[in-house]
Amino acid sequence: MVRGSIRPGGRTERVRQSVANAVLQFIKDGEIDFTMTDVAERSGIARSTIHARWPTRDHLVADALRTHNSTFQVELRDDWRDHLNHIATAFRDFSARPHEIAINALTAQLGGGFLAEETHRQWQSISVAMAEPLHKARQSGDIRPDIDPTMVIATLFTSIAGHIVIARDVPSDDHLRQLVSILIAGCEAR
């Protein structure tokens, strides 16, 4: 086995998880000026280990966000309308979690910078993956050819996250149904 490779449940995975949790806790607490030494102290992982695996603070933040965002798991549905409804509920539930609220609120508050750029980059990648059923529907003629499926997913995500962060309210099931209905109506081939 290669040194530093990740085995499920192995020491490397435990180190990565401890460091990610420490970084996410700093973000949740609104402390964005933490250092790698602060992460070492909070995680209980040696500074030398942290510096060896994450050469910069940005690497720490990116990996912590990736760890956090990887918990958003949604099985793709064949019917694109059902898929939109399904991911709306899953994303609402994910976005209402304390770490996600903190990350989104801090990202909105800070505007630009690495945290905002990395959050956007990672969710753009997730949006592309979630758009696959819509791409298929567009190819089959169910969705207008001028519609960008990834933008539909990004619109769904930002509407839900914005509602939670700005309005400080978790959208109801009825709210989600109406939101998805609007998106479907805008996408359907006539």
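Me: Before I look at Phe157, what does contact mean here?
Reply: Contact means that heavy atoms lie within 4.5 Å, and please keep in mind that this is a predicted model.

Me: OK, so which residues does Phe157 touch, leaving out residues up to four places away in sequence?
Reply: Leaving those sequence neighbours out, Phe157 touches Phe72, Ile87, Phe91, Trp123, Ile126, Ser127 and Met130.

Me: And which residues touch the most other members of the largest nonpolar core?
Reply: That core has 29 residues, and Phe157 is one of those touching the most other members, together with Phe72, Leu84 and Leu156.

Me: Which elements give two or more residues to this core?
Reply: Helix H5 (80-95), helix H7 (114-130), helix H8 (132-139), H9 and H10 each do so, and the largest share, seven residues, comes from H9. As a general background, nonpolar side chains in soluble globular proteins tend to be buried together.

Me: What about the second core, how many residues does it have?
Reply: The second core is separate and has 22 residues, including Ile45, Ala64, Leu65 and Leu106.

Me: Switching to the helices, at what angle do H9 and H10 pack?
Reply: Helix H9 (residues 149-166) and helix H10 (residues 173-187) pack at an angle of about 155°, with their axes 11 Å apart. Angles over 145 degrees count as roughly antiparallel, and H9 and H10 are therefore roughly antiparallel to each other.

Me: Is their crossing left-handed or right-handed?
Reply: The crossing of H9 and H10 is right-handed.

Me: Which residues meet there?
Reply: From H9 there are Val152, Thr155, Leu156, Ser159, Ile160 and His163, and these meet His175, Leu176, Leu179, Val180, Leu183 and Cys187 in H10. Sorted by class, the contact has eight nonpolar residues, four polar ones and no charged ones.

Me: Where does Arg168 lie?
Reply: Arg168 lies in the loop between H9 and H10, and it has a positive phi of about 55° although it is not a glycine. For background, most residues other than glycine have a negative phi.

Me: Is Arg168 buried or exposed?
Reply: Exposed, because the relative accessible area of Arg168 is 74%, and the cut-off for exposed is over 50%.

Me: Last one, Ser95: buried or exposed?
Reply: Ser95, which lies in helix H5, is buried, because its relative accessible area is 1%, where buried means under 20%. Not counting residues up to four places away in sequence, Ser95 touches Glu100, Ile101 and Ile164.

Methods: Residues numbered from 1 in each chain as written. Predicted model: local features only at pLDDT ≥ 70, side-chain atom pairs only at ≥ 80, totals over all residues. Heavy atoms only, no water. Axes fitted to C-alpha atoms, helices over the stretch in contact; angles between N-to-C directions. Helix = DSSP H or I, 4+ residues; strand = E, 2+ residues; numbered from the N terminus. Parallel < 35°, antiparallel > 145°, perpendicular 65-115°, else oblique. Left-handed = near helix turned anticlockwise from the far one by under 90°. Nonpolar A, V, L, I, M, F, W, Y, C, P; charged D, E, K, R; others polar. Core = buried A, V, L, I, M, F, W, Y, C linked by side-chain atoms within 4.5 Å. Buried < 20%, exposed > 50% of the residue type's maximum accessible area, 1.4 Å probe, protein only.
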